[in-house]
Amino acid sequence: MPSLKLYYLAAEVAPFSDTYHLASFSRKITNMIHLKTDIDIRVSQPKYGYISERKYILREVIRLKDLPIIFNNEQHIINMKSAFIPETRVQVYFMENNSLYKELPELIYKARNGRIFSDIDVRFSFFNKAALDTLQSLFWTPDIIICNDWQISLIPTLLKEQFVQKDFYSNIKSVYMIHSINNYRKFSKKAYNMLDIKPSQSGKHIDNHIQAMEHADLTIVLNYRSEKLIEKLKKQKNLINKLESTNHIIIDVPEKTNSEVWDHIANTIESACRDL
């Protein structure tokens, strides 16, 4: 029986979706963690319309079919399909909701003409809520939910403010991993209202990195040297001040990586999770 159960949530996992370094990181790190004999790690991401079900052998799961999700006081029906990351045995659950994800292009967050979609915050707010709601249908309770970047930044708040009252979720902890510093992370107050969350910040747009850091049990900053992530973080006073006031670690991701580097990163994440 694995001694540590991790649910890894990400908007992108290569090769299914890939617009920035989160995708390749997700593929490599989940496989490295999966290879550890005492960890059960499972992955979930949205089922974008361009992801080929035939190519990646997505399979329907009877108990995960036609699941009702309440979002913005309305009922939505979703399906969860299962596959494996190619050349690994890492299981991925694809959350299918055609009205929200089917029409998104490979760029995910913007149209091919470069126009940023105005409802991205709503699409990913829904994924946060649905990812928690569907856990009971998996008949599997993770010890920790790993929430990757701004797209999955509302899980820590939902866990602490809404789901903690339910026995199934009461002992689940969250780890928030920061992969980027950009304006995508600022969600509209409307998206928070749809989840019935009251953010600690004022204004029409909320900094999701700050919101997540306030509620997560641990924040991990992935310091991609190629992106100069820490330098970007330090330039934003509110972000660095919040980070320094919370439980956090920083993991360097060098420009040139190899299996030893990924093994070190996986071991660091594992150790941090076990210490919670």
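Buried means under 20% relative accessible area, exposed over 50%, and partly exposed in between, with a 1.4 Å probe and protein chains only. The model is predicted: local features need pLDDT of at least 70, side-chain atom pairs count only at pLDDT 80 or more, and totals for chains, interfaces and linings use all residues. Residues are numbered from 1 along each chain as its sequence is written, and side-chain values use heavy atoms, without hydrogens and water.

**Cysteines**

The structure holds 0 disulfides, a disulfide being a pair of cysteine sulfur atoms within 2.5 Å. The table shows why C147 and C273 form no such bond with each other: their sulfurs are too far apart.

| Cysteine | Closest cysteine sulfur | Relative accessibility |
|---|---|---|
| C147 | C273, 11 Å | 0%, buried |
| C273 | C147, 11 Å | 3%, buried |

**Nonpolar core**

A nonpolar core is a set of buried Ala, Val, Leu, Ile, Met, Phe, Trp, Tyr and Cys residues joined through side-chain atoms within 4.5 Å. The largest one here has 103 residues, and F25, I145 and I269 have the most contacts inside it. Helix α4 (residues 120–133) supplies the largest share of this core, 8 residues; helices are DSSP runs of H or I with at least four residues, numbered from the N terminus. Beyond its neighbours within four places in sequence, I145 is in contact with residues including Y7, L132, I172 and V175, where contact means heavy atoms within 4.5 Å.

**A helix pair**

H209, I210, M213 and E214 in α7 meet N238, L239, K242 and L243 in α9.

Note on methods. Helices (H or I, at least four residues) and strands (E, at least two) are DSSP runs, numbered from the N terminus.
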